[in-house]
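The following report describes a metal site and its surroundings, as they appear in a single model. Please keep the sequence and the structure in view while reading.

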Amino acid sequence: MAALETVLDKIDSNLDASLGRLFRLLEIPSISTDSAYASECRTAAEFLAAELVALGFDARVEPTPGHPMIVAKAKGPRPDLPHVLFYGHYDVQPPDPLEFWQTPPFAPRLADAETGKQIVARGVADDKGQLMTFVEACRAFRETGELPCHITILLEGEEETGSPSLPGFLEAHKGELEADLVLVCDTLMWDRATPAITTMLRGLVLEEVVIRGADRDLHSGLFGGAAVNPIHVLAKIIADLHDADGRITLPGFYDGVAELPEEVAEQWAGLRSHEGEFLRQVGLSVPAGEKGRGVLEMVWSRPTCDVNGIIGGYTGAGSKTVLPAEASAKFSFRLVGTQDPAKIAASFRAFVTERLPKDCKVEFVSHGASPAHQLPFGSEALTRAVRALEAEWGKPPVLAGCGGSIPIIGSFKKDLGMDALMIGFGLEDDRVHSPNEKYELSSFHKGTRSWARVLNALAL
Ligand code: BES
Ligand code: MN
Ligand code: MN
């Protein structure tokens, strides 16, 4: 195996060409949620598969009922080497509102900022730039010698829509996806100088509720007061979901939610300087969650219930004295620990149904459900990755939680028995899902170097 230093030097000398390849991927508007971009998703998948073939991977684009997957495999030089499965997603969120972008979202550019150069484009931090750090690390190994591990790469195009095709795909391709460990690059660093390994990732339950009353919209003068108003019914149910202390009132909701282990609580308490700044950066000052808990704890290790959207009645110009026939809302629950997504969805549906007046009907639509993930703190892979990141960044990584979700991580554990080591180089201010999304050039460069070190450390 080429000495690690040779591989790291290769990454440095490749940087411009690596950026060029990333830019080509960023130019493809692979927006998964909008079927008008289905062929763009396919183009992105084909581009990546071709890149991997060029690196000597046995790579193919696999169709699914939704957007295609890429499966690529390459062997290390000795059979006894560990086998890792790298997972990433090539799909991106819609770029709207377009008018807030300083330059078009799919015309990537390098911008100069006070803190260094930044790559600006939709999907650069989530997840194209991040997944390319791994691919470019593989390239440097290839161009200087052999891969340090057996590597399977699985890239999907439906992460931003909850990965609907992935559970079935894992089931059908179990044999060829099995590995010792999953590696993921879709999370954040602690700050621009401090890496992080995400050991806890929240799960997600997405539910839509439609409540219907009268069989048509009514005149609110003729019927108001007598006829049930579905917006009021919905609003009352939403209000009942939290108590005065910010706790969620669904029966059984907190089953499987543990308090933090003491050593983790201590590490997080040491990060408290973050506390005030976290809300201040978005123009807020008062934590709105559970009473008595820190904001880091709230977003990393506590479950939530949020209404993401609410629709009903007249929302046009002026006023209209209408008593609407229906109201609907979209809910998301972030899960932690061993909270069971199916039980939570069932408890929520029962909670809503119990509160319905006799004259109302309800319809539920599930938009997906995935459990939380927790990497065991004693894991050998974790210890090795900590040392590898420390060597690159000059300080040990924070063992972080993550408030976001990557729906498939739970299935890797549940269906294939694999833990996930999540190492990402995004920053909190990367504007993921927002206009002017960016990724620091240093994240891209040092992220690639970090993967070379981690792969090397896993193999030793
Ligand atoms: N990469 C993110 C998850 C994430 C967000 C990690 C913030 C670190 C910081 C992922 O692509 C994502 O956006 N997940 C969605 C899932 C949903 C669209 C099903 C999420 O968390 O809302
Ligand atoms: Mn992502
Ligand atoms: Mn995302």
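Along the chain, the donors of the manganese ion (ligand 2) follow the spacing H-x36-D-x59-D. This spacing is read from a predicted model. Asp126 lies in helix H3 (residues 124-144), while Asp186 belongs to the loop between strand E7 (181-184) and strand E8 (196-201), so the pair ties together parts that are 60 residues apart in sequence. Both Asp126 and Asp186 are buried. The atoms that coordinate the manganese ion (ligand 2) are His89 (NE2), Asp126 (OD), Asp186 (OD) and Asp186 (OD), at 2.0 to 2.3 Å.

What makes the arrangement around the manganese ion (ligand 2) irregular? The 6 donor atoms subtend angles of 57 to 168 degrees, and this spread makes the arrangement irregular. For comparison, ideal angles at a metal with six octahedral donors are 90 or 180 degrees.

The manganese ion (ligand 3) has its own set of protein donors, namely Asp126 (OD), Glu160 (OE), Glu160 (OE) and His433 (NE2), which lie 2.0 to 2.5 Å from it. Here the spacing along the chain reads D-x33-E-x272-H. Glu160 is placed in the loop between E6 and H4, and His433 in the loop between E17 and E18, so this pair ties together parts that are 273 residues apart in sequence. Glu160 counts as buried, at 16% relative accessibility, whereas His433 is partly exposed, with a relative accessible area of 39%. The site of the manganese ion (ligand 3) is irregular as well, with angles of 57 to 157 degrees among its 6 donor atoms.

Which residue links the manganese ion (ligand 2) and the manganese ion (ligand 3)? Asp126 bridges these ions, which lie 3.7 Å apart.

**Ligand 1**

Ligand 1 has 15 residues around it, of which Glu159, Asp186, Arg334, Ser405 and His433 come nearest. Asp186 thus appears both in this list and among the donors of the manganese ion (ligand 2). Likewise, His433 is among the nearest residues to ligand 1 and is a donor of the manganese ion (ligand 3). The table gives polar contacts of ligand 1 with the protein.

| Residue and atom | Atom of ligand 1 | Distance |
|---|---|---|
| His89, polar side-chain atom | oxygen | 3.2 Å |
| Arg334, N or O atom in the side chain | oxygen | 2.8 Å |
| Ser405, polar backbone atom | nitrogen | 2.8 Å |

Taken alone, ligand 1 exposes 510 Å², and the protein buries 84% of that area. His89 contributes to two of the settings described here, with a polar side-chain atom 3.2 Å from an oxygen atom of ligand 1 and with NE2 as a donor to the manganese ion (ligand 2).

**Strand E17 and its partners**

The loop that holds His433 runs between E17 and E18, and strand E17 spans residues 420-423. Which strands pair with E17 in the parallel and the antiparallel sense? E7 and E17 pair in the parallel sense over 3 bridges, and Leu183 has Leu421 as its bridge partner in E17. E8 and E17 pair in the antiparallel sense over 2 bridges, with Thr198 standing opposite Met422. Asp186 lies in the loop between E7 and E8.

In a regular strand, the side chains alternate between the two faces of the sheet. Both faces of E17 are covered, since Ala420 and Met422 on one side and Leu421 and Ile423 on the other are all buried.

**Backbone features**

The peptide bond from Asp126 to Asp127 is cis, with omega near 10 degrees. Asp127 is placed in helix H3; Asp126, in the same helix, is the residue that bridges the manganese ions. A cis peptide bond also joins Asp96 and Pro97, with omega about 0 degrees. Pro97 is found in the loop between strand E3 (83-89) and strand E4 (109-113).

Ser163 has a positive phi of about 55 degrees although it is not a glycine. Ser163 sits in the loop between strand E6 (150-156) and helix H4 (166-172), the loop that also contains Glu160. Is Ser163 buried or exposed? With a relative accessible area of 2%, Ser163 is buried.

Arg431, another residue other than glycine, has a positive phi near 60 degrees. Arg431 lies in the loop between E17 and strand E18 (438-440), and at 36% relative accessibility it counts as partly exposed.

Note on methods:
Residues numbered from 1 in each chain as written. Chains lettered and ligands numbered in written order. Predicted model: local features only at pLDDT ≥ 70, side-chain atom pairs only at ≥ 80, totals over all residues. Heavy atoms only, no water. Donors = N, O, S within 2.8 Å, 3.2 Å for Na, K, Ca; no water. Tetrahedral: all angles 85-135°; square planar, octahedral: opposite > 155°, others 65-115°. Helix = DSSP H or I, 4+ residues; strand = E, 2+ residues; numbered from the N terminus. Buried < 20%, exposed > 50% of the residue type's maximum accessible area, 1.4 Å probe, protein only. Pairing = 2+ DSSP bridges. Near = heavy atom within 4 Å. Polar contact = N/O pair within 3.5 Å; in protein donor to acceptor, adjacent residues only side chain to side chain. Areas by Shrake-Rupley, 256 points an atom, 1.4 Å probe, with all protein chains shown as cover.
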